[in-house]
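Work through the exercises below with the structure open. Try each task before you read its solution.

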Amino acid sequence: MQVRSQVSMVFHLDKCIGCHTCSIACKNIWTDRKGAEYMWWNNVETKPGTGFPTKWEDQEKYKGGFELAENGKLNIKSTSKTKIVPNIFHNPHMPTMDDYYEPWTYDYQNLFNAPEGSVQPTAKPISMIDGKDIDIQAGPNWDDDLSGSPIYAENDANLEGLTERQRHELSAIERLVFFYFPRICNHCLNPCCVASCPSGALYKRGEDGIVLIDQKRCRAWRSCVAACPYKKTYFNWFTGKSEKCILCFPRLETGQAPACFHSCVGRIRYLGVLLYDADRLEEVAKLPDEELVEGHRSMILDPFDPQVIAEARKNGISEAVLEAAQNSPVYKFVKVWKIALPPHIEYRTLPMLFYVPPMSPVQASKPEDTIKHNSDNLFHDINDSRVPMKFLANLFGAGHEGGVRYALAKQKAVRWHRRAETVGDVDRETADRILREANCSREEADAIYELTTLCKFEDRFVIPPMHREQAIEMMKDPYEHKTEVGFGFVSGPARGL
Amino acid sequence: MDPRVLDQFLFIALPYVCLFTFFLMTIYRYRTEKFSYSSLSSQFLENRQHFFAVVPFHYGILAITLGHFIAFLIPKTVLAWNSHPLRLYILELSALAFGLLTLIGLISIVMRRGSISKVRQVTTTTDWILFVLLIVQTALGISIAVIYPWGSSWFATILSPYLWSIFLLNPDISYLAASPLLVKSHIVLAFLIIGFFPFTRLVHLLVVPNPYLWRKVQVVRWYGNK
């Protein structure tokens, strides 16, 4: 057993209102620069929908992630070691700007400088790349709230395997349904971007698992962009370097939550430490599809287990990090309650951002039937969810419904339990039966309820001390370091020479 | 001016200035401006023409450069190989083919960079100068191959000793005495490109990703050397 710690995340989709505050917070801090205008390290997608870049989940097109070869080897789909050599000059699976969108601004100066004429001057849209007039074809969140649309929602890769009836119900007029899917880098345990980088510029930080790109080692071979199945590494067209979400590590190192977490209006985001067994990485990444979710979860270790604690100490994990792991809200959602699931685990990168699948809307799907809501029928049968189970399973279970059904059943049981406790119009016995069926105790239901609805800042974000002073100590005397930082010049990211 | 002085300037002074600049500036740039070491790919902005321009150019120039290096490093082996006429023809023809591939690639690159407005935004004056130098150099090389054939043999007998004399710090330009103007221009331009190299995007050549094929799949960095 080799215990490592990882700063991990849970996004509670039932609470996401799709306000994009997270995206804006991130954009303002990190990507509001030349070359990065089109990047959204954090973005919020409407599901069903095609997402950003368009149809990113379609790996027939993008060739992201790993694939299990017949000889039992785990290969990078886009450019494995043998394929990179002849393809280094031109990456065959590199998405282009057209797959994202061409960033634009408006010619505001024209409003002031236009010569006198018979019509009002306008501020025409102009490209942020070459400054020319642009006919806007797409933009960030172009299909926001456009579920049900034949050009966007219908092309969602997760609709695979849904029956004709289910597809129809998803987009039926006046009954169409959608939910939001906020995404950042998953800081995977088996990151495909890292594995694919010919320069070795990408790396995972040993202490907290944050995946970063060494900007001084990146040589623009572009492999990471093609390899990341979540399309969360972006190519900066101006500096000629790849960039990605850095989980706001400068904020984490000073005890603050990442900007997208901090600003989240719906309070859907949780952040905490998970301990995992790094020795099992390869074995788990090679499991068959249906065992991946469970295998991934089994890699995560119990921070209260004395043996795990001993191994963690042996591996240099500090007491403060162990304590953070024990208080981690992520651990509860993922391992104890098992209601948070990894997105698209079939890409085999073992993502460390987990999602609580959405229950909403509470209304069930029964074609040509009106459902009366009364005390006996407050919350619908999860098998009749308006969002088909198969759709959620394609997103969060590699196509297998078991994990999603378990998570939804438990969430439903929590609602029954709380209804019985607080309103009292459903009888206690029914609530207890539903709890039992969902493998949930009253105490557990209360705990889920509290962490879901009454969670305070310090409940949602349990940030361990990152001990950067130790990192400095390795390089030089901290007192000497102290006198050398904080005043001077920082050079900007300029292109070439 | 005495032509001998000009020769001494072009084939002794200039090579040393250019080689010195090359070694000094690539190291200096790597140490102080590490961020600027990049292939500065523009594939993200345009994909289709990129393939038809960049791929032939790279394969062509790699083969040609490798050929020059081989003739420089092991001239005797090359001469031995060429002792059989058929082998000589094969070598000459493939060298010519790769030269043409390079030229076609280069011209496509220039056309792509000139015609696509988004790509033009990421093309600097340095890039344009470099393209001109490379096109002229490739064209000179191809002309030499056509006008003065069997270059693979005479390179080994004339140019290799000259280049060795430069690197052994004992320059001897007598080898070049009988060389025609085309060949001399090719040599001068080659040294100019070497001198210009550290200031261009060509530096990505020095950081080709060699450890990749041997390293572990995943890269983890710890505070210390864990």
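**Exercise 1.** In β1(B), which residue is the bridge partner of A:Lys204?

*Solution.* Some ground rules come before the steps. This is a predicted model, in which local features need pLDDT of at least 70, side-chain atom pairs count only at pLDDT 80 or more, and totals for chains, interfaces and linings use all residues. Residues are numbered from 1 along each chain as its sequence is written, while chains are lettered from A and ligands numbered from 1 in the order in which they are written.

Step 1. Find the strands. Strands (E, at least two residues) and helices (H or I, at least four) are DSSP runs, numbered from the N terminus. Strand β8 of chain A covers residues 202-205, and strand β1 of chain B covers residues 220-221.

Step 2. Check the pairing. Two strands pair if DSSP finds at least two bridges between them. β8(A) and β1(B) have two bridges and run in the parallel sense.

Step 3. Read off the partner. A:Lys204 bridges to B:Val220.

**Exercise 2.** Describe the other pairing of β8(A), with β9(A), and the cover on the faces of β8(A).

*Solution.* Step 1. Strand β9 of chain A spans residues 211-213. β8(A) and β9(A) run antiparallel, joined by three bridges. Here A:Lys204 stands opposite A:Val211.

Step 2. Look at the turn. Five residues lie between the two strands of this hairpin. One of the turn residues, A:Gly209, has a positive phi of about 75 degrees.

Step 3. Judge burial. A residue is buried if 20 or more other C-beta atoms lie within 10 Å of its own, exposed if 12 or fewer, and partly exposed in between; C-beta atoms are placed from the backbone. On one side of β8(A), A:Leu202 and A:Lys204 are buried. On the other side, A:Tyr203 and A:Arg205 are buried too.

**Exercise 3.** How many residues does each chain bring to the contact between chains A and B?

*Solution.* Step 1. Two residues are in contact if their C-beta atoms, placed from the backbone, lie within 7 Å. Chain A gives 41 residues and chain B gives 41 residues.

Step 2. Locate the chain A side. α6 (192-196), β8 and α20 (468-475) of chain A each supply at least two residues. β8(A) gives the largest share, four residues.

**Exercise 4.** Is A:Lys73 buried or exposed?

*Solution.* Step 1. A:Lys73 sits in the loop between β3 (66-68) and β4 (74-76) of chain A.

Step 2. A:Lys73 has 11 C-beta neighbours inside 10 Å, so A:Lys73 counts as exposed.

**Exercise 5.** What is the strand order of the open four-stranded sheet in chain A?

*Solution.* Step 1. The order is β13-β12-β1-β14, with mixed pairing. The edge strands are β13 (300-301) and β14 (353-356), each paired on one side only.

Step 2. Take one pair. β12 (residues 269-277) and β13 of chain A are antiparallel, with two bridges. A:Tyr276 stands opposite A:Ile300.

**Exercise 6.** What share of the residues in chain A is buried?

*Solution.* Step 1. Chain A has 21 helices and 14 strands.

Step 2. Of its 497 residues, 47% are buried.
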